[in-house]
Amino acid sequence: MINKEQLVATFSIVAADPETGEVGVAVQSKFLAVGSVVPWAKANVGAVATQSWANTAFGPEGLALLEKGLSPEEVIDKLVADDPDRSLRQVAVINAEGEASAFTGHECYDWAGHIIGKHHSCQGNILISEETVSEMSWTFEASEGPLAERMLKAVAAAQHAGGDSRGKQSAAVYVVQEGAGYGGYNDVKVDLRVDDHPEPIEELQRLYELHKMYAAPSEDKLAIEGDVLKTVVEQLVKLSLLGMGDYNSYNAEVKEALKAFVLRENFDDHWSEEALIDESVLAYLKKQ
């Protein structure tokens with residue numbers, strides 16, 4: 001007998017970018033810590049979203065079947081074939097090539113359904129209306145940039161279009177790409193969760209902006225001279241990392257003080273041994 005605590009009424013998107021190798025899932029729900037249940041992904045393989053009386057075994061089993069070479073449609077057929085509660089399940093699968101498939105059981109609570117588009121599938125249940133899913137799909141296809149940003153735009157648009165009829169509670173975004181994890185030691189490029197919040201998507205977007213600053217140095221580097229040097233010195237003095245004095249150039253003392261700040265704030269990947277500062281780090285330093 002199915003356990004009612006398994007109900008994960010939500011909307012989600014599984015997506016892939018074959019050019020970059022990114023695959024992932026973004027999700028929002030009136031459910032505590034939805035990121036611990038719905039999203040599953042493996043670099044160079046694909047992603048799975050399992051929801052509505054969620055069977056979490058669909059995640060690892062689906063990825064294993066994809067890795068064996070089955071198509072997303074074949075994977076879903078195998079996952080639900082012997083499931084006695086398949087009429088209550090909702091699951092979406094995408095492979096690294098961007099081929100997607102989805103299944104919405106006929107007993108999923110209204111509104112429930114899915115839309116498969118280019119390199120993505122959008123699905124949801126207990127929604128205000130079909131517009132939640134259609135707007136999510138349209139927004140993803142119309143957006144540009146890293147996969148995580150496109151998916152976040154998509155779920156934000158879905159919420160604006162109606163979202164989960166029961167309200168909001170948690171959200172998550174999970175993206176993998178070969179070697180894209182911290183220090184290059186794993187494949188987890190983005191793994192952010194908002195477990196319980198009145199505005200989970202907005203909070204998730206805020207966390208993603210922080211994530212970009214910590215994990216994705218910008219390409220905009222500024223020479224530490226003139227007004228930039230003045231700002232750096234003033235802020236480092238204010239933070240007691242640099243003593244008072246006349247600093248007319250980016251000397252060894254200023255450099256060591258700035259390095260101390262950058263490493264203290266965990267901006268390791270933003271540090272440069274040259275007389276340059278990442279624009280995002282300078283903006284952050286100004287706020288201190």
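This text leads through two pairs of packed helices, then through a pocket and a cavity, in a model that is predicted.

A good place to begin is with helix 1, which covers residues 58-67, and helix 2, which covers residues 72-81, since the two pack with their axes 9 Å apart at an angle of about 135°. That angle makes helix 1 oblique to helix 2, and the crossing of the two is right-handed. On the side of helix 1 the contact is made by F58, E61, G62, L65 and L66, while helix 2 brings P72, V75, K78, L79 and V80 to meet them. Sorted by class, the residues of this contact are 7 nonpolar, 1 polar and 2 charged.

The second pair lies further along the chain, where helix 6 (residues 226-238) and helix 7 (residues 252-264) have axes that come within 10 Å and cross at roughly 65°. Because angles of 65 to 115 degrees count as roughly perpendicular, helix 6 is described as roughly perpendicular to helix 7. The crossing of helix 6 and helix 7 is left-handed, whereas that of helix 1 and helix 2 is right-handed. Helix 6 contributes L229, V232, V233 and L236 to the contact, and helix 7 answers with V254, A257, L258 and F261. In this contact there are 8 nonpolar residues, with no polar and no charged ones.

From the packing of helices we can turn to empty space. Rolling a probe the size of a water molecule over the atoms shows where such space is left. The structure holds 1 cavity of 30 Å³ or more, and about 50 Å³ of space lies in the largest cavity. Its lining is formed by L258, V262, H270, W271, S272, L276, I277, D278 and V281, so that L258, a residue of the contact between helix 6 and helix 7, is met again here. Helix 7 and strand 12, which spans 276-278, each supply at least two residues of this lining, and strand 12 gives the most, with 3 residues. By class, the lining of the largest cavity has 6 nonpolar, 2 polar and 1 charged residues.

The last feature is the second largest pocket, which holds about 180 Å³ of space. Strand 1 (10-17) and helix 3 (131-142) are the elements that give two or more residues to the lining of this pocket. The full lining consists of A16, D17, P18, E19, K118, H119, F140, E141 and R150, and these residues divide into 3 nonpolar, 1 polar and 5 charged.

Methods: Residues are numbered from 1 along each chain as its sequence is written. This is a predicted model: local features need pLDDT of at least 70, side-chain atom pairs count only at pLDDT 80 or more; totals for chains, interfaces and linings use all residues. Side-chain values use heavy atoms; hydrogens and water are left out. On a 1 Å grid over the protein atoms alone, a cavity is a set of points where a 1.4 Å probe fits but cannot get out, and a pocket is an open set with protein on both sides within 12 Å along at least five of seven lines; lining residues have an atom within 4 Å of a point. Grid points are joined across faces, edges and corners, and a volume is the space filled by probe spheres set on the points. Helices (H or I, at least four residues) and strands (E, at least two) are DSSP runs, numbered from the N terminus. Ala, Val, Leu, Ile, Met, Phe, Trp, Tyr, Cys and Pro count as nonpolar, Asp, Glu, Lys and Arg as charged, and the others, Gly among them, as polar. Axes are lines fitted to C-alpha atoms, for helices over the stretch in contact, and angles run from 0 to 180 degrees between N-to-C directions. Angles under 35 degrees count as roughly parallel, over 145 as roughly antiparallel, 65 to 115 as roughly perpendicular and the rest as oblique. A crossing is left-handed if the near helix is turned anticlockwise from the far one by less than a right angle, and right-handed if clockwise. Contact means heavy atoms within 4.5 Å.
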